[in-house]
Amino acid sequence: MDIILLGPPGAGKGTQAQRLQAKRGMVQLSTGDMLREAVAKGTPTGLRAKAVMEAGELVSDAIVSALIGERLDGAASNGAIFDGFPRTGHQAAALEILLDERGRKVDHVIELAVDEEALVQRITGRFTCANCGAIYNFVLNPPADMQQVKDGTVVCEKCGASDFRQRPDDNEQTVRTRMAEYRAKTAPILPIYEQKGLVRRVNGMASVEEVAAAIDAILDG
Ligand code: AP5
């Protein structure tokens with residue numbers, strides 16, 4: 001089963017994709033993570049993407065479609081979770097071709113419906129484990145087993161590491177640009193999938209567990 005998680009920045013796509021990957025053996029294909037990896041390694045793609053990402057704008061369709069194409073075959077057995085892709089009409093068309101060439105198709109488009117103002121708090125409070133990539137929030141979603149050790153260090157509940165990162169694009173100004181990009185370029189692709197009867201809407205303002213249960217109900221339904 002191949003599914004798309006669609007929603008504005010901070011809607012919870014990465015949080016739910018990580019959970020689906022752990023629970024169902026599906027493979028998370030996050031173009032944001034792939035681009036951040038390319039930036040960290042200083043590859044030609046990373047060098048081109050860095051300033052665009054820091055401004056909160058969209059990287060070119062050709063670059064992200066190529067990244068997805070490179071990883072798709074590795075996500076064949078239990079299916080892929082497209083997280084942050086497609087984001088434009090061109091990317092939606094590219095995905096259809098990539099899947100069709102492999103005899104696959106989009107089974108569900110799960111839209112995480114959220115209140116944009118609440119997302120600013122989610123995003124500015126986000127931090128991730130530098131070791132395993134687990135996603136947390138200082139206020140809304142701290143590590144469940146948060147252990148305060150002697151020097152005040154917080155420990156990741158998934159892997160026990162104590163090294164965390166905040167993204168350079170997780171500041172209020174950039175978040176506003178990212179949301180405007182979503183409204184202008186990504187939200188318009190929803191009708192393409194609505195016409196095909198693929199869109200299922202989930203209340204993304206519910207708790208992480210409630211959102212997860214709603215997604216499970218769709219996938220098992
Ligand atoms: P990307 O990394 O895809 O960022 P995004 O779409 O802006 O989404 P986020 O990662 O910010 O949010 P999320 O929905 O995954 O939320 P999360 O689960 O982390 O893209 C970054 C940049 O890369 C783009 O701006 C662009 O430049 C470029 N890019 C990437 N893909 C591209 C493409 N296809 N085309 C062109 N350019 C591309 O949760 C957020 C926070 O909320 C966390 O702190 C979490 O703990 C918390 N949280 C999650 N769920 C809940 C809940 N239910 N209740 C309370 N808190 C919650």
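Which of the 35 residues around the ligand come nearest? Keep that question in mind as you open this predicted model, and begin the tour by selecting the ligand together with T15, E57, R87, R126 and R178, since these are the residues that come nearest among the 35 around the ligand.

**First stop: the ligand and its contacts**

Stay with T15 and show its side chain, where an N or O atom is 2.6 Å from an oxygen atom of the ligand. Then step back along the chain to G12, where a backbone N or O atom lies 3.0 Å from an oxygen atom of the ligand, and to A11, where a backbone N or O atom lies 3.2 Å from an oxygen atom of the ligand. If you now show the surface, you can see how the protein covers 97% of the 1,000 Å² of accessible area that the ligand has on its own.

Next, colour the elements that give two or more residues to the shell around the ligand, which are helix 1, helix 2 (31-41) and strand 6. Helix 2 supplies the largest share of this shell, with four residues. Colouring by class instead, you will find 14 nonpolar, 12 polar and nine charged residues in the shell around the ligand.

**Second stop: the second largest pocket**

Select T15 again, this time with Q18, R19, E157 and K158, which lie nearest the centre of the second largest pocket among the 17 residues that line it. The volume of this pocket is about 380 Å³. Two or more lining residues come from each of helix 1 (13-24), strand 6 (135-137) and helix 9 (208-220), and helix 1 gives the most, with five residues. By class, the lining of the second largest pocket holds nine nonpolar, four polar and four charged residues.

**Third stop: an open sheet**

From strand 6, move on to the open sheet of three strands to which it belongs, whose order is 6-5-7 and whose pairing is antiparallel. Strand 6 and strand 7 (164-165) stand at the edges with a single partner strand each, so one side of each is left without a neighbour in the sheet. Now select strand 5 (residues 126-129) with strand 7, and note that two bridges join these antiparallel strands. To look at one place along the sheet, pick T128, which stands opposite R165 in strand 7.

**Last stop: a cis peptide bond**

Finally, select F85 and P86, and ask where P86 has its place. P86 sits in the loop between strand 3 (80-83) and helix 5 (89-101). Most peptide bonds are trans, but the bond from F85 to P86 is cis, with omega near 0°.

Technical notes
Residues are numbered from 1 along each chain as its sequence is written. This is a predicted model: local features need pLDDT of at least 70, side-chain atom pairs count only at pLDDT 80 or more; totals for chains, interfaces and linings use all residues. Side-chain values use heavy atoms; hydrogens and water are left out. On a 1 Å grid over the protein atoms alone, a cavity is a set of points where a 1.4 Å probe fits but cannot get out, and a pocket is an open set with protein on both sides within 12 Å along at least five of seven lines; lining residues have an atom within 4 Å of a point. Grid points are joined across faces, edges and corners, and a volume is the space filled by probe spheres set on the points. Ala, Val, Leu, Ile, Met, Phe, Trp, Tyr, Cys and Pro count as nonpolar, Asp, Glu, Lys and Arg as charged, and the others, Gly among them, as polar. Two strands pair if DSSP finds at least two bridges between them. A residue is near a molecule or strand if one of its heavy atoms lies within 4 Å of it. A polar contact is a pair of N or O atoms within 3.5 Å; within protein, one must be able to donate a hydrogen and the other to accept it, and residues adjacent in sequence count only if both atoms are side-chain atoms. Accessible areas come from the Shrake-Rupley method with a 1.4 Å probe; for residues, only the protein chains shown count as cover.
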